[in-house]
Amino acid sequence: MSALPRDGGAAAPRVPVPSIEVAFPDLARGEIGNTGIPFVWRFVARESGPHLVVQALTHGNEVCGAIAVDRLLDQGVRPARGTLTFVFANVAAYQGFDRADPYASRCVDEDYNRLWSPEVLDGPRQSRDLARARELRPVIDRADALLDLHSMTDPCPPLALAGPRDKGLALARAVGVPQHIVIDAGHAAGRRLRDYAFFDDPADPRAALLIECGQHWERAAPAVALECTLRFLAHFGLVSRDEMRARLGGARPAPQRAIAVTDVVTIASERFAFALPVHGLMVVPSAGTVLATDDGREVRTPHDDCVLIMPTRRPKVGETAVRLGRFVD
């Protein structure tokens, strides 16, 4: 067994670390930002329109979004209407990245993306990740729509996590990429930013979309992050379709498919283990297949054609081991 991971939980078995195929941008030059909040940039057009927030580095080792946002800042992308805010979120975790232990810089003290409930944000708890969430909360409160750029521990086709509301699914379809959309309700360990407050209110038009762009450090992930960002901006008219196509080329995205989450497997013990080799978007044909064991308890697939969504290879007590779903279109 390895030592306990930095962010707590059960000890994780050592697994091979994927190759790091991308160069990490130097964000120091952008620390001052232009809003009074470090690493936050806001641009306002003369023509009125929605306020969009694009966030990178929700997790410090998920670098693809930072590469895409840094590139758009370098290229001087500005909104044709409305307001565009770029956020580099957990930069403290990013700055602690260590190639010898690349998973440790997911966060500093605790997962920044499990803190977005009033009970936590307004409560007495203290951590460096929570302090940053509180610092950025006013930025999020001003958003009409949010794009939150992530990546995954293991190789998997990119995923759009739309949340449980119809407006999240509609936004995912309007952006048009990636091919697979997950209709889900988050994690038992805490509320994600994409489910924060009004984003999760079906009566409120404000919506959020979380994109898992591929494996953390694969060469293709930044291109996915860039395409999703430009299509998100184009959907709301902050950049023109012509500008989007000029930056992306003329390739048409594949038709999208939606997967509805039916069950979430949460790790209950340090003895959790998958009972068969698993990978992202793997389909298990038969209901009742033993998928894992957890302190001797069998975890079985609840239905036929069960889709495995983001199974973890680094199990930690209290975290999600895998989400289970079915294709709904």
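**Close-up 1. P178 sits in the loop between α5 and β6.** This is a predicted model. The loop joins α5 (166–175) to β6 (180–183). The peptide bond that leads from V177 into P178 is cis. Its omega is near -5 degrees.

**Close-up 2. F199 is buried in the loop between β6 and β7.** The loop that holds F199 follows β6 (180–183) and leads to β7. Relative accessibility at F199 is 1%, so the residue counts as buried. Setting aside neighbours within four places in sequence, F199 is in contact with I140, A143, L146, K167 and L193. R194, R206, A207 and A208 are also contacts of F199. L209 is 10 residues away from F199 in sequence. In space, the two C-alpha atoms are 9.2 Å apart.

**Close-up 3. An open sheet holds 11 strands.** The strand order is β1-β3-β2-β4-β7-β5-β6-β8-β14-β13-β10. Pairing in this sheet is mixed. β1 and β10 stand at the edges. Each has a single partner strand, so one side of each lacks a neighbour in the sheet. In a regular strand, side chains alternate between the two faces of the sheet.

**Close-up 4. β1 pairs with β3 at one edge of the 11-stranded sheet.** Five bridges join β1 to β3. The two strands run antiparallel. R42 stands opposite T85 of β3. Which is β1, largely enclosed or largely open? Four of its five residues are buried, so β1 is largely enclosed by the rest of the structure.

**Close-up 5. β13 and β14 run antiparallel.** Strand β13 covers residues 306–309, and strand β14 covers residues 320–327. Three bridges join them. I309 has R323 of β14 as its bridge partner.

**Close-up 6. Helix α1 is mostly covered.** The helix spans residues 64–74. Eight of its 11 residues are buried. They are C64, G65, A66, A68, V69, D70, L72 and L73. What do these buried residues pack against? Their partners are β1 (40–44), β2 (51–56), β3 (83–88), β4 (145–152), β7 (207–215) and α6. α1 lies across β1, β2, β3, β4 and β7. Its direction is at about 135 degrees to β3. Just after α1 comes G76, with a positive phi of about 70 degrees.

**Close-up 7. Helices α6 and α7 meet.** α6 covers residues 221–235, and α7 covers residues 241–248. Their axes come within 9 Å and cross at roughly 170 degrees. The two helices are therefore roughly antiparallel to each other. On the α6 side, the contact involves E227, L230, R231, A234 and H235. On the α7 side, R241, M244, R247 and L248 take part. The contact residues divide into four nonpolar, one polar and four charged. α6 also lies across β2, β3, β4 and β7. It runs at about 170 degrees to β4.

**Close-up 8. The largest nonpolar core has 52 residues.** Which members touch the most others? They are V54, F86, F88, L209 and F232. The largest share of the core comes from α6, with nine residues. Beyond its neighbours within four places in sequence, V54 is in contact with V69, L84, T85, F86 and V87. Further contacts of V54 are L147, L149, T229, F232 and L233. A second, separate core has 22 residues, including V40, Y112, F198 and F199.

**Close-up 9. Three strands form another open sheet.** The order is β9-β11-β12, and the pairing is antiparallel. The edge strands are β9 (273–274) and β12 (297–300). Each of these pairs on one side only. Two bridges link β9 to strand β11, residues 290–294. A273 has T293 of β11 as its bridge partner.

**Close-up 10. L281 and D295 have positive phi values.** Neither residue is glycine. L281 lies in the loop between β9 and β10 (283–284). Its phi is near 65 degrees. L281 is buried, with a relative accessible area of 14%. D295 lies in the loop between β11 and β12. Phi of D295 is near 55 degrees. D295 counts as partly exposed, at 47% relative accessibility.

Key: Residues are numbered from 1 along each chain as its sequence is written. This is a predicted model: local features need pLDDT of at least 70, side-chain atom pairs count only at pLDDT 80 or more; totals for chains, interfaces and linings use all residues. Side-chain values use heavy atoms; hydrogens and water are left out. Axes are lines fitted to C-alpha atoms, for helices over the stretch in contact, and angles run from 0 to 180 degrees between N-to-C directions. Angles under 35 degrees count as roughly parallel, over 145 as roughly antiparallel, 65 to 115 as roughly perpendicular and the rest as oblique. Contact means heavy atoms within 4.5 Å. Ala, Val, Leu, Ile, Met, Phe, Trp, Tyr, Cys and Pro count as nonpolar, Asp, Glu, Lys and Arg as charged, and the others, Gly among them, as polar. Buried means under 20% relative accessible area, exposed over 50%, partly exposed in between (1.4 Å probe, protein chains only). Two strands pair if DSSP finds at least two bridges between them. A nonpolar core is a set of buried Ala, Val, Leu, Ile, Met, Phe, Trp, Tyr and Cys residues joined through side-chain atoms within 4.5 Å.
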